[in-house]
Amino acid sequence: MLARDASVECFDRVDRVDRECCWCHVHRSHLLPHLAKHVEAADRDLGLAVVDQWYINVSTRAVEVCGDMNGGQVIDKILPGQTVHGTLRCRTGSGRVVLRRDDGCWTTIRTKDGKSRLSPATVFDQWYICVIPDSINVRCGPELSTSLVRTIQPGEAVRGVLTCCSSGGRLRLRLEDGNWTSLCSNDGQAYFREATYVNQWYVSVQPDGQHGHRSLDPDTGVTGHIRFGQAVHGNFLCHAGNGDLRLKLDDGTWTTVASCGLLFLEEASAFEQTISAF
């Protein structure tokens, strides 16, 4: 019977934490040093192991794909930054750690001299809001040494599609445009908070109305007032640090949808249905 190796079990534990924690893909960072040790230890004694894992080519060159685990004719190549899903991995007699793709072909995870070609990755589709007061660098590759492309500003929304570790252990996020940024600092400070894209009209349902604010944090400067019954359009829902559900409006300001069980904004369609019932 094929056994699941220790590195796979370690990834499973991280995935379980993700499912139970609303800060998934961010709190993973606290486990990365321990995760790396488990993976390295597992690789030293690696036999044939069943996996269900995405990988990404983190090297600067294409990784060859062959019909046999020991090499042979090259039938495909995995380009830098390209992802691949595997079902089996093992160490060959020459010392390479190899992965069998879904189509049955084989490629190299790590060379016999220990150079990493493919790194474990988590594939998903998630919007994030930048929640720190400083801009965050966006680079062309997963390594922090790659070229700077642009910066993400406080309050800006970005869409992530994949996470993996850099060679230095930083949890990196690949954006939908193919560029990369960090999800958190070295000491675990989160740079982003998960958000939901809505593209929705809302109506203020509190008699006294409510304020609009400069940023996600409701304690920041007031930018305006939303009257009772006034309709506003927003694109992103995100929880503030105090737990309030906040809406990012079209002009970039923020207002509260719900706080401490009290509803401030209701979806316009639901509000219209309530009015028509009377």
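How much accessible surface does the chain have, and what percentage of that surface belongs to carbon and sulfur atoms? In this predicted model, the accessible surface of the chain comes to about 14,300 Å², and 51% of that area belongs to carbon and sulfur atoms. The chain has 278 residues, of which 46% count as buried. Its secondary structure consists of three helices and 20 strands. When contacts with a separation of 6 or more are considered, 56% of them are accounted for by residues that lie 24 or more positions apart.

The buried interior can be described through its nonpolar cores. In soluble globular proteins, nonpolar side chains tend to be buried together. The largest nonpolar core of this chain has 14 residues, and the members that touch the most other members are Y128, I136, I152 and F192. Two or more residues of this core are given by each of strand 7 (118-130), strand 8 (136-139) and strand 11 (171-175). A second core, which is separate and is made up of 11 residues, includes V51, Y55, V84 and I109. Within the largest core, I152 illustrates how one residue meets several parts of the sequence: with residues up to four places away left aside, I152 touches C130, D134, S135, I136, V138, V158, L175, T181 and F192.

Aromatic rings form a further set of contacts, and the count of aromatic pairs comes to four. In one of these pairs, Y128 and F192 are arranged edge-to-face, with 6.1 Å from centre to centre and 65 degrees between the planes. This pair links distant parts of the chain, since Y128 belongs to strand 7 and F192 to strand 13 (residues 192-204), with their positions 64 residues apart in sequence. Both Y128 and F192 are buried, and both are among the residues of the largest core that touch the most other members. Elsewhere, ring pairs link W127, Y197 and F236 into a cluster.

Charged side chains were examined next. Side chains of opposite charge can pair when their charged atoms come close. A search of the whole structure finds six salt bridges. In one of them, R101 pairs with D76, and the closest N and O atoms are 3.0 Å apart. The two partners come from distant parts of the chain, R101 from strand 5 (residues 97-101) and D76 from strand 3 (residues 71-78), and they are 25 residues apart. How does the burial of these partners compare with the 20% limit below which a residue is called buried? R101 has a relative accessibility of 13% and therefore counts as buried, whereas D76, with a relative accessible area of 32%, is partly exposed. Salt bridges that share partners also join D76, R101 and D103 into one network.

Two further salt bridges involve the loop between strand 11 and strand 12. The side chains of R150 and D177 meet in a salt bridge with an N to O distance of 3.9 Å. Because R150 lies in strand 9 (residues 148-152) and D177 lies in the loop between strand 11 and strand 12 (180-182), this pair ties together parts of the chain that are 27 residues apart in sequence. R150 is partly exposed, with a relative accessible area of 30%, and D177 likewise counts as partly exposed, at 45% relative accessibility. From that loop, E176 forms a salt bridge with R159, with the closest N and O atoms 3.8 Å apart. R159 is placed in strand 10 (residues 157-165), 17 residues away from E176 in sequence, and R159 counts as partly exposed at 29% relative accessibility.

Two individual positions complete the description. T256 is found in strand 18 (residues 254-259) and has a relative accessible area of 10%, so T256 is buried. The side chain of T256 is joined to that of R246 by a polar contact of 2.8 Å. With residues up to four places away left aside, T256 touches Q210, D244, L245, R246, F264 and L265. G224, by contrast, lies in strand 15 (residues 222-226) and is partly exposed, with a relative accessible area of 28%. On the same basis, G224 touches Q210, H211 and G212. The C-alpha atoms of G224 and Q210 are separated by 8.7 Å, although the two residues are 14 residues apart along the chain.

Methods. Residues numbered from 1 in each chain as written. Predicted model: local features only at pLDDT ≥ 70, side-chain atom pairs only at ≥ 80, totals over all residues. Heavy atoms only, no water. Helix = DSSP H or I, 4+ residues; strand = E, 2+ residues; numbered from the N terminus. Buried < 20%, exposed > 50% of the residue type's maximum accessible area, 1.4 Å probe, protein only. Contact = heavy atoms within 4.5 Å. Areas by Shrake-Rupley, 256 points an atom, 1.4 Å probe, with all protein chains shown as cover. Core = buried A, V, L, I, M, F, W, Y, C linked by side-chain atoms within 4.5 Å. Polar contact = N/O pair within 3.5 Å; in protein donor to acceptor, adjacent residues only side chain to side chain. Phe/Tyr/Trp six-rings, centres within 6.5 Å; stacked < 30°, edge-to-face > 60°. Salt bridge = Lys/Arg side-chain N within 4 Å of Asp/Glu carboxyl O.
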